[in-house]
Structures are given as structure tokens and as C-alpha cells.
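Thanks for making the time this morning; I would like to walk through one structure, beginning with its salt bridges and moving on to a pair of helices and a patch on the surface. Please have a look at it before I go on.

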Amino acid sequence: MTVDDYAFRVRSLDEEQLRILKGVWAELFKFWGIRINSDAISAQHRKRAISTSDVKKSRSRSRSTIFRVHTSSEVEECEDSKKLSDVHESLQDMNPDETRDDFWNMIRGDFPDALLLRFIRARKWDLDKSLEMIAKTMEWRVNESKVDTIIYEGERAAYTNGQEGFLKNLTLQKAVICGRDKEGRPIVCVRPKLHRAKDQNLEEMKRYSLLIIEQARLFLKDPVDTATVIFDLSDFSMSNMDYAPVQFLITCFEAHYPESLGRLYIHKAPWIFSPIWKVIKKWLDPVVASKIYFTKTTNDLKDYIDCDQLPEYLDGSNKIDLNNYEKIDESHDRLLNDHNTRNEILEKRRAIINNFIDVTRGWIESSNSAESSTLLIQRINIGRQLSSNYSELDPYIRSRSKYDINGMLDI
């Protein structure tokens, strides 16, 4: 998608929607210690009541990350902006440095606004609920899932770190990205018939699931911002049923990857799946449930997916090998050791992020629509620079996947 295309989408937001987007940025900036002119922010941006007596102490700093950003704005920050009493209640228990780092990690090649808008749309343009969802996701990423480590270490971690259950999932290729549907969405094909609960522990299952999700995210490029999933229940039996991964995936899509699922096809469900579905359906958010379709034959799938994008075992013509997994040779990761080049690209990235922050601060504080519109376009152009920078940086920080090697993934 070109900058003009993306600009059209963002500029098509109405005045109220832009106000909410500005409000989310403003609250994040204040939390990160970036000075914002409070007088320029509408009181409607913050309809919350904070009891300072209930404010908990912020968590102490822990690890630093390669994306640590020290902005020019931080040098100018006023002491009042650091007070927890001025921080949105959903962010008060979190560490500003860690969450700021994780936010820029999470963007990868995305546009910053596009990432935030997924959360905002998922919460129906409610500022407080959007911030709460963003806060919970950043907390989950930093302190629970360690998802950045999972995607950076990639597939090779399964056999270099002795994670047998993780490796079992990889070699069986329980879930593979096999092409794109007619809307351009990446297709994740999941084969539950290969699953046995005893093959891995819960943490190994979660790691494998998050790797697949994050790999699929790398395939998303505007205007395509959702993925398609095929749960192929061919040869499914009760011995394959395991509610734990199902609950985990539902939580991920609903709580931490909002607006990322385009369609989910439950394919060739046997009669024994009917009572299972009654249980699962109760766990689903109505929005997610509305994206689930049942298909019986390959012809049903071909209404949405071209034949050359479906694996041969589903009567397609995609020759993807699902029977033999080839380990990633360490030679593919030689750029991970080039720290000098990595640091040079990271320095450029920090400068781009600082520029984006400065222009965004001006956009938030803009007093008229003409100024706001001009700054919005500047932000979009800087966002494109950020996306291009990540394309350059990616091979220096992320272990190669089979999709990088076979040419399917071009960031």
C-alpha cells in the first residue's frame, strides 16, 4: 500500500475518531514521560477518576531492549508529567520504560496508528477501554508471554535450547502458512489430527502458538491487516481434543491480537465435534464468532481461496511439503552476529521514532483542522520510514524462518 492509500484510510476517520486516536497517543506519551500541553487536550480525552491514595508504586526497571528510545522530548519533560496521579489508571501499575520499548518492538513493519487503531476499533472507540486493552497487552507481552523473544529466536530455538515439545510441533507442522486467500490474507492451515496433549507441556504449546501467530503477523501489509485460519478437522478424533490450546488461542485473538482475524474456517468437522463446539462457542466473543465459517468440501473453501493457495492434500495445487520439516541451518542467521550494522540501523530507527514522537506531539496539540491534517500526513510519511527501517533491520535481529528461506515471506 502506498502512503497516499494509507493516508486516505486514516484521513477518512471522522473528527470524533481522530480525537480518540489523539487521546490514546496523549495518554501513552504522558505515561512515558513525554511532555504534552495539557491545556490542548480536551477533558473528554480523560473521563476517569483516579484516587491517588490507591496508586501503587511503579515496577522497578528491569531489562533493557535493543529498541530503547531516549527521545528529545524526554529531556524536556516536566516533573509533573512523571506523577502517577496524571497517568491513566490502566497504566499506573506498569513500568514506563519496558512498555515504551515493547510498543516500538510490537510495531515491527506496521504503521504506528494502524496498530493502535486495531485496539481502538476492538473497543468500539471507547478511549478508556482501548487504553485498558493496550495496557493489558503490553503487560502480557513484557511480563508473561515474552513474545518478542519467541519471534526473534524463531524456529531454531526449538532444537538449540532442547525444547522437545516445541520441536515436536514444528516437525509435525501442525500449523503452517501456506498462501493467501482471495482477499490477500495470509492463510494459516492448522491440522488438529496431529495433536496429542502429551506431546508437549502447556508452555511449549503456548510458545509454538505464539511463534505461528507472530510469523503470520509478519505477512500483514496494508491494506491487508488480518489473517485467515483453516482448522482442518479431517481425521479428527477425541484423542486429538485438548481444550487448553483452544482457550489460549481464543484469549490471544480476543485480548492481545484484536482485529487480526479475518476469517476462520472449521473444515470437515465430524459429528463428534458438535458437542465440543457447543462448549467452545460459549467462550467466544460475538465478534470473533461472527468470523467463523463451517466448510464441508474443498469446493466450499475454493469459494474463498484459489486452488494454487491450498495444499495438495486439500485438493489444491500448492506443493508445500507438509511431511518433511527441514531444520534451519545456522548459516541463515549469520547477520545476527553483525552487531555493528545492527546498531547503525537501530540508531536510524531511534531517530525516526524521535521524529515521529515530536510530530505526533504537535499533532495532538494542534489547534485547528488544517494544522492537524498537515501534521497527520507528516506522521504517515514518517511511519513509512519506520516500516522501511524495520525491513532493513529484521535480518539482524530475527532468526530466519522457513518462510524467509523459501521466499514466501518478504518483509
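Let me begin with a question: with which residue does D404 form a salt bridge, and how far apart are the closest N and O atoms? The partner is R398, and the closest N and O atoms are 2.9 Å apart, in what is, I should say at once, a predicted model. Both D404 and R398 are buried. Salt bridges that share partners also join D102, R108, R141, D148, E214 and R217 into one network, and the count for the model comes to 24 salt bridges.

Two other pairs deserve a word. R185 and D181 meet through their side chains at 3.1 Å, N to O, and both of these residues are buried. D358 and R361, by contrast, have their closest N and O atoms 4.0 Å apart; they sit three residues apart in helix α15, about one turn of the helix. Here R361 is buried, because its relative accessible area of 15% is under 20%, whereas D358, at 28%, is partly exposed.

Turning to the helices, α10, residues 202-218, packs against α11 at an angle of about 40 degrees, with the axes 11 Å apart. That angle makes α10 oblique to α11, and the crossing is right-handed.

Helix α11 spans residues 243-256 and includes Y243, which is partly exposed at a relative accessible area of 31%. Together with V279 and W283, Y243 forms a nonpolar patch on the surface, with about 230 Å² of accessible area in total.

Definitions and conventions
Residues are numbered from 1 along each chain as its sequence is written. This is a predicted model: local features need pLDDT of at least 70, side-chain atom pairs count only at pLDDT 80 or more; totals for chains, interfaces and linings use all residues. Side-chain values use heavy atoms; hydrogens and water are left out. Patches are made of residues with over 30% relative accessible area and no salt bridge: like charges are joined within 9 Å, nonpolar side chains (Val, Leu, Ile, Met, Phe, Trp, Tyr) within 5 Å. Accessible areas come from the Shrake-Rupley method with a 1.4 Å probe; for residues, only the protein chains shown count as cover. Helices (H or I, at least four residues) and strands (E, at least two) are DSSP runs, numbered from the N terminus. Buried means under 20% relative accessible area, exposed over 50%, partly exposed in between (1.4 Å probe, protein chains only). Axes are lines fitted to C-alpha atoms, for helices over the stretch in contact, and angles run from 0 to 180 degrees between N-to-C directions. Angles under 35 degrees count as roughly parallel, over 145 as roughly antiparallel, 65 to 115 as roughly perpendicular and the rest as oblique. A crossing is left-handed if the near helix is turned anticlockwise from the far one by less than a right angle, and right-handed if clockwise.
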